[in-house]
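Dear colleague,

Please find the structure below, followed by a short account of the helix packing and the ligand site.

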Amino acid sequence: MEKEELQAIASQLKHPTGEKGIEMANMMHETNINMTRHSVQNLNIKAGNSILELGHGNAGHVELIFEQAENLKYYGLEMSELMFQEARQINRNFVSQKQAFFSLYDGNAVPFQDAFFDKMFTVNTIYFWQEPEKLLSEIYRVLKPNGVFCITFAEESFMKQLPFTKFEFELYSTEKVEQLVQKTAFKILYKETLTEKVKTKTGELVDRDFTTIVLEK
Ligand SMILES: C[S@@+](CC[C@H](N)C(=O)[O-])C[C@H]1O[C@@H](n2cnc3c(N)ncnc32)[C@H](O)[C@@H]1O
């Protein structure tokens, strides 16, 4: 593949836009649903929880969150206007019932008051964080005391084999995320690395290692 094509794939994954962005988001939803499921399972969601997700993509998985317990509120934050619109459309019933709320933000300042959320999670976004330590301190600020944040990401050892990750991506191993977290006030509660089969763009099945790290305020 040409350098320009690889660069275009990386840009779409970082910030989906236009017709191609919708296709890319559908593909991401299918390929990443297992990672999202693991992130959500590790949140240990209880009735009445308020939950914030960073970088939900098309948010086709939100119904899965409402299956976890009664009386939940889901909030989604995105940087892509297209994903914000897609997520509102796909989840229009939850939006009109005031169970799901979607907003755009700048990727740095989390637009909520202190100690607002019980649980937070993010899947496949850490590669694109502009100022990781500052964003983690924002996440810490908006979590309630003892609130939990799950970061789920594909391991650097797998990601570096994908030619487009040379562009736009900052890759992370578990150790690198742990080193980052140690600079913040978060405690690491638990971590798990799993291997799953995923289809590549050329249709072959490959093993993907992904990790969820569970942090507590
Ligand atoms: C690779 S996609 C992952 C989408 C979905 N979470 C998944 O795993 O399929 C990354 C998404 O995160 C968004 N994004 C990128 N940087 C972000 C940031 N700093 N905070 C929140 N969302 C971000 C992008 O707009 C994009 O929709």
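Contact here means heavy atoms within 4.5 Å. Helices are DSSP runs (H or I, at least four residues), numbered from the N terminus. This is a predicted model, in which local features need pLDDT of at least 70 and side-chain atom pairs count only at pLDDT 80 or more, while totals for chains, interfaces and linings use all residues. Residues are numbered from 1 along each chain as its sequence is written, and side-chain values use heavy atoms, with hydrogens and water left out.

In the contact between the two helices, Ile-9, Gln-12 and Leu-13 of H1 meet Lys-20, Gly-21, Met-24 and Met-28 of H2. By class, this contact of H1 with H2 has 4 nonpolar, 2 polar and 1 charged residues (Ala, Val, Leu, Ile, Met, Phe, Trp, Tyr, Cys and Pro count as nonpolar, Asp, Glu, Lys and Arg as charged, and the others, Gly among them, as polar).

Turning to the ligand, 18 residues surround it, and Asn-32, Gly-55, Glu-78, Tyr-105 and Val-123 come nearest; a residue is counted if one of its heavy atoms lies within 4 Å. The shell around the ligand has 9 nonpolar, 7 polar and 2 charged residues. H1 and H2 each supply at least two residues of that shell.

Polar contacts (pairs of N or O atoms within 3.5 Å) were also found. A polar side-chain atom of Asn-32 lies 2.9 Å from an oxygen atom of the ligand. For Tyr-105, a side-chain N or O atom is 2.6 Å from a nitrogen atom of the ligand.

Yours sincerely

Key:
Polar contact = N/O pair within 3.5 Å; in protein donor to acceptor, adjacent residues only side chain to side chain.
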